[in-house]
Structure formats: structure tokens, C-alpha cells
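Student: I am new to this structure and would like a close look at one part of it, namely a place where two helices meet. Could you take me through that part carefully, and then lead me from there to other parts of the model?

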Amino acid sequence: MSKAIRFYEIGGPEVLKFENVEVGDPGPGEVRIKHTFTAVNFIDVYYRTGFYPTALPNGLGSDAVGVVEAIGPDVTEVKVGQRVGYLMGPLGAYATERVMPAHFLIPLPDEVTDRTAATLMMKGMTAQYLFRQVYPLKGGETILYHAAAGGVGLIACQWAKAMGVRMIGTVSTDEKAALAKANGCEHVIVTSRENIVERVKEITDGVGVPVVYDSVGKDTLEASLNCLSLRGTLVSNGTSSGPVIIDAHQLALKGSLSVTRPAMAHFIQPRSHMLSMADEVFEMVKSGKIVSEPKQIYSLADAAEAHRALESRATTGATVLVP
């Protein structure tokens, strides 16, 4: 019998239920996947708490890797037995196996293990679209990146270093600071004892940075804006501390600043573009420029514990579930 995490109401981690589920045969354009690893992302918390509304009851998770067990009619994207990953599509990745649309699947190269790929689907692709599409970096820039020891953050540290970008990263503890530095972050600000704006201005000789990548949201918004140089850009790519409310008049007063709020769903279309993004991520790994492994591994049955750790900021790097 297949197993899955389901939730019937919004709330804390305790609403997540580990249940037996029936997984049918794939229909037209669909495949059945047996998962090897499922990634835990903060967006999963948004769905569980109702910040992102969804129909209930429902499954959870949109990011996993595994093997194609069966394909339905008209599937040309993948084959039975092929290793694949995905980062979008219907909720339901917190499961031992599932049926889902084939066009969301990304074939995995032989050189990238399932364990590594599980940290790259959403997190590696996020680093790619932030650095290569949303605010394209050319090399030589000094940037501010919040949550530098997180799942995306550790990949971003390595990607920035590979591009010749000087990253200033923020973290909450000295232990996380050491981890970010070990992954290529040049300057690390420990927010529990250092002032973000003062340190950024010190590092940049008072100029500020041309771009801030901020996945924290409410708690860091003011500091992010105050760290920007004239005509700088805030990339607001997450709200783990709460929603962001922007006063457009303040953007003018602070230096004709720009703000963008990207969503992955709009950057992986069409499918050919998603595959080219993934190819770039995989090449960074195959070349040794990025090394990525899960920092926390939980059993699927313990998904609630994984959520508690993530929300308490006790985690570093990527967290995955094993069926």
C-alpha cells in the first residue's frame, strides 16, 4: 500500500497525517513515479498554514525525485525506468509514489545522484532564475543575500563565487555564518548581533549594493531597501517572516529603487525553457562548481517534525524526506 502525507485543515505541523492512499494508473499525458527523495520547502509551510490557499483535503509538496514506473497514453517526455525530478505541478510530492502530468518532469543525468538532485529541483532552479534571469548577474558585483545558510542560500553562495560575484550574506547564528563562508560567501552578517545596514555600508564604503535577494520578507524589508545603492533593485523572492507591503513613495525617496516579486511558475515556461534551466544547474554540479547534499533527512512519516525544524530556523541547507 502506498503512503502519503495528507492534511484536512490548515494549521500547525500537527495537521499533517500519514495515511494509506490508493495510487491508480496514469491517464493520458500522465506518469506514475516511485519517489526516492522528496524535498521540503518553505512554500509547503505556506500551503499548510493557508497563506497560499488550496482545496482541502489535499496532499503536500511539489518537489521530488524518483523513477518512472508507468506511463499513460500520449506521453513522449519520459520513459519507464527513467530517473526524473520535478519542482512544480499538483500538490502531492509527500508520498511514496504518485501520478502526475509528464510535462513537469525533468530527466536526471547519470552524473547527478537522486540524493543531490533532491536538493536541486526547487532550490537549485531558484538560484538559477534569481541570478541568471530575475536580476542577471554578470560577475564583479557585490550583492546582499538573506538566509545565506538556507537550502537555496548555500547553492547561491557557491554560484556567486563561481561567477566572481562578491556575496554579503545574512544568517542568524555564528554556526550558520561558518557554513555560509565555507560555501563561498565572502562576507557574512550575523543578524542576532550585527546591524545589517551598517555592515553593508561598511563593506561597500557607503555605496550600498545594486541588488538584494530577500526571501525573508517582513522582518528584513526595511533593511533591504536601506542597503540598496541608487536605482538598486530589491528581489523579494519569499516571505518566511511575513508578507511584504511596499510604499511606492519610499522607493523614490530612498533612491529611485525598483522591486520585483518573481514566481517560479512564470520562469519555467515553456517546458523547453525549464529544461535549459535544469541543464545549467546540472552543469554547475557536474563541473564541481556546486556541491549540494541534504543537511537534514527525515522519514516521510516524520514530515511534521521536518516542518517544525524548518519553521524554527533550526535547519541549514536542504531538508529531504525519504519514503
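Tutor: Let us begin with helix α1, residues 42-49, and helix α10, residues 303-311, which pack at an angle of about 105° with their axes 10 Å apart. This angle makes α1 roughly perpendicular to α10, given that angles of 65 to 115 degrees count as such. Please keep in mind throughout that the model is a predicted one. On the α1 side the residues that take part are Phe42, Asp44, Val45 and Arg48, and they meet His307, Leu310 and Glu311 on the α10 side. Sorted by class, the contact of α1 with α10 is made up of three nonpolar, one polar and three charged residues.

From each of these two helices we can walk on into a loop that holds a point of backbone detail. The loop between α1 and β4, where β4 covers 58-59, contains Pro57, and the peptide bond that joins Leu56 to Pro57 is cis, with omega at about 0°. The loop between α10 and β16, where β16 covers 318-322, contains Arg313, a residue other than glycine whose phi nevertheless has a positive value, near 60°. These two details deserve a remark, because most residues other than glycine have a negative phi, and most peptide bonds are trans. As for its surroundings, Arg313 has a relative accessible area of 44% and is therefore partly exposed.

A second pair of helices can be read in the same manner. Helix α3, residues 122-134, and helix α9, residues 271-286, have axes that come within 9 Å and cross at roughly 100°, and so α3 and α9 are roughly perpendicular to each other. From α3 the contact draws on Gly124, Met125, Gln128, Tyr129, Arg132 and Gln133, while α9 supplies His273, Met274, Met277, Ala278, Glu280 and Val281. By class, the contact of α3 with α9 has six nonpolar, four polar and two charged residues. Here too a cis peptide bond belongs to the account: it joins Gln269 and Pro270, with omega at about -10°, and Pro270 lies in the loop between β14 and α9.

That loop leads us by way of β14 to a sheet. The sheet is open and has six strands in the order β11-β10-β9-β12-β13-β14, with parallel pairing. Its edges are formed by β11, residues 187-190, and β14, residues 258-260, each of which pairs on one side only. On average, and with direction ignored, neighbouring strands of this sheet are turned by 20° against each other. At the β11 edge, strand β10, residues 166-171, pairs with β11 in the parallel sense over four bridges, and Val171 stands opposite Val190 in β11. Helix α5, residues 174-182, lies across β10 and β11 and runs at about 165° to β11.

Two further strands of the sheet lead to residues worth finding in the display. Strand β13, residues 228-236, holds Arg231, which has a positive phi near 60° although it is not a glycine. With a relative accessible area of 64%, Arg231 is exposed. Strand β12, residues 209-214, is followed through a loop to α7, residues 221-227, and Thr220 is found in that loop. Thr220 counts as buried because its relative accessibility is 9%, under the 20% that serves as the limit. The side chains of Thr220 and Asp214 are joined by a polar contact of 2.7 Å. If neighbours within four places in sequence are left aside, the contacts of Thr220 are with His146 and Asp214.

A last stop is Gly89, which is found in the loop between β6, residues 83-86, and β7, residues 97-101. Its relative accessibility is 28%, so Gly89 counts as partly exposed. Apart from neighbours within four places in sequence, Gly89 is in contact with Ser62 and Phe104. Gly89 and Ala265 are 176 residues apart in sequence, while their C-alpha atoms are 9.3 Å apart in space.

Key: Residues numbered from 1 in each chain as written. Predicted model: local features only at pLDDT ≥ 70, side-chain atom pairs only at ≥ 80, totals over all residues. Heavy atoms only, no water. Pairing = 2+ DSSP bridges. Axes fitted to C-alpha atoms, helices over the stretch in contact; angles between N-to-C directions. Contact = heavy atoms within 4.5 Å. Parallel < 35°, antiparallel > 145°, perpendicular 65-115°, else oblique. Nonpolar A, V, L, I, M, F, W, Y, C, P; charged D, E, K, R; others polar. Buried < 20%, exposed > 50% of the residue type's maximum accessible area, 1.4 Å probe, protein only. Polar contact = N/O pair within 3.5 Å; in protein donor to acceptor, adjacent residues only side chain to side chain.
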